[in-house]
Amino acid sequence: MKRKGLEIINADVNQIIDQLNKALSDEWLAYYQYWLGEKLVKGKFREEVAAELGQHAGDELKHAGMIADRIIQLGGTPVLKPEDWYKLTNCGYEAPEDPSVIPVLKQNIKGEQCAIGVYQKLAETLKDKDPITYYMVLSILKDEVEHEDDLINILEDIQ
Ligand code: FE
Ligand code: FE
Ligand code: MG
C-alpha cells in the first residue's frame with residue numbers, strides 16, 4: 001500500500017538513503033573507536049576518561065540503530081557489509097595506536113568535530129524536505145555537540 005509517510009518527503013528519497021548510509025558507516029566506526037579506546041586508554045585520569053569513552057560508545061551505537069531504522073522505513077537497506085564502512089565513511093577511523101589519555105581524547109574530539117559538520121550539513125539539506133529524518137538528525141547532532149563538549153572539558157581539566 002502507498003505510504004503517506006513517504007509522500008510527505010519533498011526530496012529524492014534514494015539520495016537521503018545514501019547520505020544516511022554514509023552516516024551509518026561513520027557511527028559504526030565511531031562506536032568501535034570509542035569501544036576500543038575505553039579498553040586501551042591509559043595514563044593519568046584513565047578511569048574518568050574510560051568511563052566517558054564507554055558512554056559515548058553507547059551513544060554512537062544508539063545513533064547507528066536510529067539511522068538504520070530510518071533507512072529501512074524509507075525503503076532502503078542499511079549498509080550490508082562492514083567492509084563498505086570504509087568506502088562510505090565521511091569521518092574515517094583513527095586507530096588508537098598511542099593509547100595515552102591525551103592522544104585518545106584528541107582523536108575522538110577530531111571525530112566529533114567531523115560528525116558535527118556532517119550532521120549540520122545533512123540537517124541543512126533535509127530542512128523543509130523530510131521532517132522526520134531532519135528531526136532525527138537534529139537529535140543526533142545534539143548528542144555529538146555534547147560529546148565534543150565533554151571531551152574538550154576533560155582535556156582542559158587534564159592540561
Ligand atoms: Fe554519533
Ligand atoms: Fe559522538
Ligand atoms: Mg558524555
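This is a short chat about a predicted model, covering its iron site, its disulfide and its nonpolar cores.

Q: Which protein donors hold the iron ion (ligand 1)?
A: In this predicted model, the protein donors of the iron ion (ligand 1) are Glu 27, which is listed with OE twice, together with Glu 60 through OE, His 63 through ND1 and Glu 144 through OE, and they lie 2.0 to 2.4 Å from the ion.

Q: And what spacing do those donors follow along the chain?
A: The donors of the iron ion (ligand 1) follow E-x32-E-x2-H-x80-E. Within that set, Glu 27 sits in helix α2 (residues 13-40) and Glu 144 in helix α6 (residues 131-158), so that this pair, 117 residues apart, links distant parts of the chain.

Q: Is Glu 27 buried or exposed?
A: Glu 27 has a relative accessible area of 2%, and because the cut-off for buried is under 20%, Glu 27 counts as buried.

Q: What about Glu 144, buried or exposed?
A: Glu 144 is buried as well, with a relative accessible area of 1%.

Q: How far apart are the iron ion (ligand 1) and the iron ion (ligand 2), and which residue coordinates both?
A: The two iron ions, ligand 1 and ligand 2, are 3.9 Å apart, and the residue that coordinates both of them is Glu 60.

Q: Switching to cysteines, how many disulfides does the count come to?
A: The count comes to 1 disulfide, and it joins Cys 91 to Cys 114 with an S to S distance of 2.0 Å. The link is left-handed, with -85° about the S-S bond.

Q: Where do Cys 91 and Cys 114 sit?
A: Cys 91 is in the loop between α4 (83-88) and α5 (101-126), whereas Cys 114 is in helix α5 itself, and the pair, 23 residues apart, links distant parts of the chain. Cys 91 is partly exposed at 25% relative accessibility, and Cys 114 is partly exposed at 27%.

Q: Now the interior: which residues touch the most other members of the largest nonpolar core?
A: That core has 24 residues, and those touching the most other members are Leu 20, Leu 24, Ile 67, Tyr 119 and Val 137. The elements giving two or more residues to this core are α2, α3 (46-73), α5 and α6.

Q: What does Leu 24 touch?
A: Leaving aside residues up to four places away in sequence, Leu 24 touches Ala 64, Ile 67, Ala 68, Ile 71, Pro 78 and Val 79.

Q: And which residues does the second core include?
A: The second core is separate and has 14 residues, among them Leu 53, Val 101, Leu 105 and Ile 109.

Terms used. Residues numbered from 1 in each chain as written. Chains lettered and ligands numbered in written order. Predicted model: local features only at pLDDT ≥ 70, side-chain atom pairs only at ≥ 80, totals over all residues. Heavy atoms only, no water. Donors = N, O, S within 2.8 Å, 3.2 Å for Na, K, Ca; no water. Helix = DSSP H or I, 4+ residues; strand = E, 2+ residues; numbered from the N terminus. Buried < 20%, exposed > 50% of the residue type's maximum accessible area, 1.4 Å probe, protein only. Disulfide = S-S within 2.5 Å. Core = buried A, V, L, I, M, F, W, Y, C linked by side-chain atoms within 4.5 Å. Contact = heavy atoms within 4.5 Å.
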